[in-house]
Amino acid sequence: MIARMNAADAVSLARDLLRFETVNPPGAERECARFAGRLLEDWGYAVEYHEYAEARTSVIARAGGDGEGAPLCLTGHLDVVPLGARAWAKDPFAGETDGDRLYGRGASDMKAGVAAMLLAARTFAGKLAGTPGIVLVLTAGEEGGCVGSQHLAARPDLMGRAGAIVVGEPTSNEPLVGHKGSVKFYARFRGVAAHGSMPHLGVNAVYKAARAVARLEAFDFGVAPHPVMGAPTLNVGTFEGGSGINLVPDAARIGVDVRTVPGVDHAALLERLAATIGEEAELEVVSDLEPVWTEPGSAWVARVFEICSRVRGKAPEPRTAPYMTDAANLRRVWRGAPAVVLGPGEPEMAHQTDEYCSIERLREAVALYEAIVADWCAR
Ligand SMILES: [Zn+2]
């Protein structure tokens, strides 16, 4: 029988995590990672750390896994986004509470999720021998490009095996069956500088970029919308060029963010985009992550949905997350592992001033993770 955590444990641990200032940039997750790692070691987990840069520390902790099947992965990130320009009414790093709300930068995205995963891990301390077990992956550098998990994915020796993935990003405890993929790139255009009074002597790089942007606005992916994720999207997010109003610009650059759905081949897509932009432009791809999609009818997801129905009293609908997660990188190593995004944070609170999470949802998330681990390890 599972020993249920009380709400005080969950709040206390989430508050401990919120007190580590892991704002990214610069990140500096090391102290927070060591704190989580020490807890897991105390509970009998085998803990390893991985730093992709100074103080950018991820944690991998395992227990069990000596049975037949591969372990279940519970994953969350330790970094949080900056506080933003608006003043906070609450201390962002104290874990203040008010009624059902626990405040702090990262309360929803996603230290509440990490706290709930840690407490679920504590519940199973010493009980996973002879079962598929679990592996916790707590990442650095998720915000702004999933950099920590990208480095982990380059180390299959560290990652070992996992048979399914739960990502604790904020979903208000609704299980989501994936998210779009993402391709982000810059395109650079070259021109020839000249005096602004004699534009015929130069080649205007801004005009080249502008023509490319107009073609991108009309870009047709040529794929049917995904039944759950919808259509792929493209957005030109930045446009830079020129160094003075009286000069013909000899350089321009645009930044493009493409969100893809299953069935879109990224390499072929990039070739078509390059052709659309024009062969003169140089493309610099800064991030390339595949979509994450698990059939809602697949056996494990059906069981997760059943657990969510039981714990939450209502049946989930197949939906996907609007944001990227580390699962895109982790699945490079754990090919074909089904993934759900399920966490106690409020998605609309992520990255907001006076971010909070619901203490009731945090408590509920511990129960959900415990039930999912119990189900996995009973197989
Ligand atoms: Zn997040």
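Two strands are taken to pair if DSSP finds at least two bridges between them. On this basis, and with the caution that the structure is a predicted model, Arg101 is found opposite Ser358 in strand E17. The strand that pairs with E17 here is E5 (residues 101–103), and the two run in the antiparallel sense over 3 bridges. Together with strand E4 they form an open sheet of 3 strands, ordered E4-E5-E17, in which the pairing is antiparallel. Strands E4 (97–98) and E17 (356–358) are the edge strands of this sheet, each of them pairing on one side only.

Two helices lie across the strands of this sheet. Helix H3, which comprises residues 107–123, lies across E5 and E17 and runs at about 50 degrees to E17, whereas helix H10, comprising residues 359–377, lies across E4, E5 and E17 and runs at about 60 degrees to E17. The axes of H3 and H10 come within 8 Å and cross at roughly 45 degrees, and H3 is therefore oblique to H10. The crossing in which H3 passes H10 is right-handed. From H3, the residues Ala112, Gly113, Ala115, Ala116, Met117, Leu119, Ala120 and Thr123 take part in the contact, and they meet Leu362, Ala365, Val366, Tyr369, Glu370 and Val373 of H10. Classified by residue type, the contact between H3 and H10 consists of 11 nonpolar, 2 polar and 1 charged residues.

At the level of the whole chain, the domain assignment gives domain 1, made up of 7–179 + 291–377, and domain 2, which spans 181–289. The C-alpha centres of domain 1 and domain 2 are 35 Å apart, and the contact between the domains draws 10 residues from domain 1 and 9 residues from domain 2. On the side of domain 1 that touches domain 2, 6 nonpolar, 3 polar and 1 charged residues are counted.

A further open sheet contains 4 strands in the order E11-E13-E9-E14, again with antiparallel pairing. Its edge strands are E11 (233–241) and E14, each of which pairs on one side only, and the twist from one strand to the next averages 15 degrees. Within this sheet, E11 and E13 pair in the antiparallel sense over 8 bridges, and the bridge partner of Phe239 is Ile254 in E13. Helix H6 (residues 205–217) packs on the sheet, where it touches E9, E11 and E13, and the direction of H6 makes about 15 degrees with that of E13.

Strand E9 (residues 181–190) pairs with strand E13 (residues 251–260) in the antiparallel sense, over 10 bridges; in this pairing, Arg188 has Arg253 of E13 as its bridge partner. E9 is also joined by 7 bridges to strand E14 (residues 282–289), and these two strands run antiparallel, with Leu289 in E14 serving as the bridge partner of Ser182. Helix H7, formed by residues 266–277, lies across E9, E13 and E14 and runs at about 30 degrees to E9.

Notes. Residues are numbered from 1 along each chain as its sequence is written. This is a predicted model: local features need pLDDT of at least 70, side-chain atom pairs count only at pLDDT 80 or more; totals for chains, interfaces and linings use all residues. Two residues are in contact if their C-beta atoms, placed from the backbone, lie within 7 Å. Axes are lines fitted to C-alpha atoms, for helices over the stretch in contact, and angles run from 0 to 180 degrees between N-to-C directions. Angles under 35 degrees count as roughly parallel, over 145 as roughly antiparallel, 65 to 115 as roughly perpendicular and the rest as oblique. A crossing is left-handed if the near helix is turned anticlockwise from the far one by less than a right angle, and right-handed if clockwise. Ala, Val, Leu, Ile, Met, Phe, Trp, Tyr, Cys and Pro count as nonpolar, Asp, Glu, Lys and Arg as charged, and the others, Gly among them, as polar. Domain bounds come from an automatic or database domain assignment.
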